[in-house]
Amino acid sequence: MTETGAQLFARLEARRCLKDIEPRLFPEDGGPDHGEVVELYGMEGTGKTELLYHLLCRCVLPVTAGGLEVDVVFVDTDYNLDMLRLVSILDNRLNAALSASSSLAGGSEEAELRSCLSRLLVVHCSSSSQLLLTLHFLETSFSSRPSVSLLLIDSVSAFYWLDRSEGGASIAKQEEKLSKCAELLSRLLRDYRITVFAAVHTIRRNYSSSSSSSSEFDQSYLCRPWQRLVTHRLLCSKGGETNHTAATAGGSKEQRNRQVFTVHCTSSSSLSKIKAHSCSSFSVTDGGVQFV
């Protein structure tokens, strides 16, 4: 039976809003709404991928374990997705939920873990052209599965230098492929109301401590069509270190230093022209991101 436009609209209206995906990252008015894009920007080693794992787990975990129980698409352009790490984080959080509540006691932990992983679709890309084809392919999933609420891209800047090399001296040619990806993504956001989180790596290091230099360093270098899509920007950086108490093999406790990462968020929602700001810090543990 052919689906009418009204039926399609009603089905897509059921897609889960992710404004509450992680309140500690965003200003008080909430996180990204339907059809909005969050850019995680920073140098390598500033916690961007760990944050993506954190958000992914928050989405695929069952409601009884503090999750949102929605489907996620992970586009891995850097070929850095560590499934063992992801499973470890999920396992830690399911264990914590099992010990804290009896609501998960009815099913085995392995079954719950399999259920979480069944909500995840992983796609690999090795070029901007392949990324464009992947987005076309994913439209079918977005249309047929209203449970898919989140698209993660790690990272959208992976092919920046390759595209520059292939584009020659023409800026338009250099940016052509990513611009087409951004334009297609804009339509998918409008038509299917998904939420996007995408990592962007800095392309040069900032050796200056001046605020003016830092501001210039933090400016986006990707094409204009991509920049127009971004409604929330998370600037990730390394902070200091914090002490925490860890148990040793002998049962005693000792103090260890743990790297702290800082996230500065700038939000300019499509519903409001006023920019909002927030700042948060986190460290990375065996069980994933832990806010401090």
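This tour moves through selected loops of the structure and ends at an internal cavity. The model is predicted.

**First stop: Glu36**

Please select Glu36, which sits in the loop between helix H1 (5-13) and strand E1 (37-42). With a relative accessibility of 1%, Glu36 counts as buried, because the cut-off for that class is under 20% relative accessible area. Next, add Leu189 to the selection and display the C-alpha atoms. Although their positions lie 153 residues apart along the chain, the C-alpha atoms of Glu36 and Leu189 are separated by 7.1 Å.

**Second stop: Glu69**

Proceed to the loop between helix H2 (48-60) and strand E2 (71-76), where Glu69 is found. The backbone deserves attention here: phi of Glu69 is near 55°, a positive value in a residue other than glycine. Is Glu69 buried or partly exposed? Its relative accessibility is 39%, so Glu69 is classed as partly exposed.

**Third stop: Arg193**

A further residue with positive phi can be reached by selecting Arg193, in the loop that runs between helix H7 (171-192) and strand E5 (195-201). Arg193 is not a glycine, yet its phi is positive, at about 60°. The relative accessible area of Arg193 is 24%, and this residue is therefore partly exposed.

**Fourth stop: Asp154 and Ser155**

Now select Asp154 together with Ser155 and show the backbone atoms. What kind of peptide bond joins Asp154 and Ser155? The bond is cis, with omega about 0°. Ser155 belongs to the loop between strand E4 (148-154) and helix H6 (160-167).

**Final stop: the cavity**

The last part of the tour concerns enclosed space. Rolling a probe the size of a water molecule over the atoms reveals where empty space remains. In this model, the count is one cavity of 30 Å³ or more. The largest cavity holds about 50 Å³ of space.

To see its surroundings, select the following lining residues, shown as side chains:

- Leu131, Leu135 and Ile153, which are among the residues that line the largest cavity;
- Val156, Leu178 and Cys181, also included in that lining;
- Ala182, Leu185 and Trp226, likewise part of the lining.

Which helix supplies the largest share of the lining? Helix H7 does, with four residues. Helix H5 (128-144) and H7 each contribute at least two residues to the lining. Colouring the selection by residue class shows the character of the wall: the lining of the largest cavity comprises nine nonpolar residues, no polar residues and no charged residues.

Note on methods
Residues are numbered from 1 along each chain as its sequence is written. This is a predicted model: local features need pLDDT of at least 70, side-chain atom pairs count only at pLDDT 80 or more; totals for chains, interfaces and linings use all residues. Side-chain values use heavy atoms; hydrogens and water are left out. Buried means under 20% relative accessible area, exposed over 50%, partly exposed in between (1.4 Å probe, protein chains only). On a 1 Å grid over the protein atoms alone, a cavity is a set of points where a 1.4 Å probe fits but cannot get out, and a pocket is an open set with protein on both sides within 12 Å along at least five of seven lines; lining residues have an atom within 4 Å of a point. Grid points are joined across faces, edges and corners, and a volume is the space filled by probe spheres set on the points. Ala, Val, Leu, Ile, Met, Phe, Trp, Tyr, Cys and Pro count as nonpolar, Asp, Glu, Lys and Arg as charged, and the others, Gly among them, as polar.
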